[in-house]
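Please look through the sequence and the model before reading on. The text then goes through the sheets, the helices that pack on them, a loop and the ligand site.

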Amino acid sequence: MGFDQELFDYVIRAAKEFEDGLVSRRVVPTTQDIKNIAAFDEPLPIDGTAALDVIRTLHEVGSPATTLTRSGRFFGFVVGGAHPVSIAANWIASTWDQNAALPVLGHTAAKLEEVSARWILEMLHLPKDSGVGFVSGSTMAGFTALCAARYRLCKKKGYDLKKNGILGAPKIRFVMSEDIHPSNIAALRYMGYGSDDLEFVPVDDQGRMRVDQMPNLDDQTVVIAQAGNINSGAFDSFPEICALAKQAGAWVHIDSAFGGWLRLSEQRGHLVEGMELADSWSLDCHKWLNVPYDSAVAISRDADAMREFFAISASYLTDTGKRVPSHFTPELSRRARGIDVWATLKYLGKKGFARIIDTCCDQALRFSKELERLGFTILNDVCINQVVFCLEDEDGDEDGARLERIMREVQDGGTTWFGPTKWQGRNAFRMSICSAATTEKDLRVALDAISLAIANSSPSRLQGDLCRT
Ligand SMILES: *Cc1c(COP(=O)(O)O)cnc(C)c1O
């Protein structure tokens with residue numbers, strides 16, 4: 001095999017070309033670029049291809065059809081983009097090819113997970129001895145934490161889920177808001193629950209769980225609260241929810257995929273007040289921490305429950321007394337996710353990470369004011385990095401068709417990208433700023449693209465809007 005200098009020289013050049021394009025390229029590919037990836041639809045190759053040709057094809061055909069989530073002008077979904085230092089760490093980690101299942105398969109990988117876990121717990125003011133599992137995303141983080149929670153609640157009732165299985169287990173209830181991120185429902189589905197098995201609580205105008213409408217809790221209940229509503233960015237009231245749960249002996253899990261990181265913010269940290277009172281948490285690293293996919297953490301106050309439920313024992317899996325990464329995750333073999341997390345935290349420091357979060361939130365607030373000036377109605381209280389907006393006509397009725405036209409033109413233009421959403425029954429668009437890459441210039445360019453689309457959609461309307469400001 002050996003080190004192939006030419007191959008890696010090409011990769012560096014290709015990566016640089018991609019990186020250079022982030023400033024000027026369309027954030028979404030053209031229809032033609034997407035058509036071109038049909039070139040990958042070849043019959044199964046019987047004979048191989050030279051490595052350099054493989055990688056060249058990947059770059060020449062694949063790169064143009066990428067969605068530039070790493071660009072500072074991409075505001076769709078809630079994704080964020082990978083930071084250069086995290087990509088560099090990820091490259092080194094790939095070169096090492098470590099398996100993070102066991103320390104013996106990757107001492108450095110295991111150590112960096114342990115250190116990253118300690119840093120994350122400290123940053124978030126969570127119990128020091130919590131269990132932390134490095135998983136693929138918040139969906140799996142929720143699954144992981146909720147499996148451990150259910151295991152513990154059953155154990156407390158004298159039932160060993162690991163030995164006796166789910167069929168004869170005590171019935172565990174799951175309570176969450178009607179506006180819960182659907183990945184939690186998916187996680188519960190993988191655990192054997194259908195949506196009819198779950199208890200949904202109505203929400204207020206920001207998508208927060210109405211605590212006054214919560215059902216009675218008991219010691220066989222898991223409440224799933226949210227730090228950062230996927231549309232509005234709003235936070236459930238953790239002090240109230242946790243107080244009720246604690247009284248009843250219920251478990252509280254917080255889906256903190258992106259909002260949990262607000263703990264770092266000096267200006268907005270109060271939004272996550274009481275987060276530390278919960279029992280488990282899920283957080284994405286591939287969103288606001290800006291590390292490459294796939295990366296998230298499942299955290300549980302009850303490290304033993306994680307270990308007891310997830311540890312896979314086999315005669316060849318020896319226990320060395322060290323923290324075993326796979327004891328906290330549903331996976332055995334996997335990539336060493338802690339490496340890019342460690343590098344990014346080391347590079348940014350707590351302050352640098354907090355600055356990214358506050359900058360994104362400040363940018364979202366300013367952008368929402370500009371959108372208002374352009375005639376849009378902002379539907380959420382822009383408390384963090386999320387902006388939900390729509391257009392109302394003069395009678396105050398929503399004008400879904402015109403909004404759709406404007407946003408389609410913006411999306412097709414490729415300068416910037418926002419995704420559609422449905423907010424409290426209304427058609428709207430959603431912007432999420434969670435990338436360190438977003439600059440003032442990016443925001444200006446995005447606004448210009450929107451202004452132009454408005455002008456093209458109805459010149460007279462634009463006039464009216466300008467008069468109003
Ligand atoms: C993104 C997100 C998820 C799902 O996370 P994945 O990393 O895509 O699995 C869950 N909850 C919230 C609030 C999110 O923003």
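Which residue in β9 is the bridge partner of I378? The partner is F389. The model in which this pair is found is a predicted one.

The two residues belong to the pairing of β8 with strand β9, residues 386-391, which is antiparallel and runs over three bridges. Both strands are part of an open sheet of four strands, ordered β8-β9-β11-β10, in which the pairing is antiparallel. At its edges stand β8 (376-378) and β10 (419-423), each of which pairs on one side only. From one strand to the next, the twist of this sheet averages 45°. Helix α12, made of residues 400-413, lies across β8, β9, β10 and β11 (426-432). The direction of α12 is at about 125° to that of β9.

Another sheet in the model is also open, but has seven strands, in the order β1-β7-β6-β5-β4-β2-β3, and its pairing is mixed. Why is one side of β1 and of β3 left without a neighbour in the sheet? β1 (131-135) and β3 (199-201) stand at the edges and have a single partner strand each, so nothing in the sheet pairs with the other side of either. The twist here averages 20° from one strand to the next.

Strands of a sheet are held in register through backbone hydrogen bonds, and the pairing may be parallel or antiparallel. Within the seven-stranded sheet, β4 (residues 221-226) and β5 (residues 251-255) give an example of the parallel sense, with five bridges between them. I224 stands opposite H253 of β5.

Two helices can be followed at the β1 end of the strand order. Helix α5, residues 107-123, lies across β1 and β7 (296-300) and runs at about 115° to β1. Helix α10, residues 303-310, also packs on the sheet and touches β1 and β7. The direction of α10 makes about 50° with that of β1.

The loop between β6 (280-284) and β7 holds D294, and the same loop holds N290. Their backbone geometry deserves a look. The peptide bond from Y293 to D294 is cis, with omega near -15°. N290 has a phi near 60°, which is a positive value in a residue other than glycine.

The last stop is the ligand. Which of the 13 residues around the ligand come nearest? They are T139, D255, D284, H286 and K287. Three of these residues can be described by polar distances. The side chain of T139 has an N or O atom 2.6 Å from an oxygen atom of the ligand. For D255, a polar side-chain atom lies 2.6 Å from a ligand nitrogen atom. In H286, an N or O atom of the side chain is 2.8 Å from an oxygen atom of the ligand. On its own the ligand has 380 Å² of accessible area, and the protein covers 85% of that area. By residue class, the shell around the ligand consists of three nonpolar, seven polar and three charged residues.

Conventions:
Residues numbered from 1 in each chain as written. Predicted model: local features only at pLDDT ≥ 70, side-chain atom pairs only at ≥ 80, totals over all residues. Heavy atoms only, no water. Near = heavy atom within 4 Å. Polar contact = N/O pair within 3.5 Å; in protein donor to acceptor, adjacent residues only side chain to side chain. Areas by Shrake-Rupley, 256 points an atom, 1.4 Å probe, with all protein chains shown as cover. Nonpolar A, V, L, I, M, F, W, Y, C, P; charged D, E, K, R; others polar. Pairing = 2+ DSSP bridges. Axes fitted to C-alpha atoms, helices over the stretch in contact; angles between N-to-C directions. Contact = heavy atoms within 4.5 Å.
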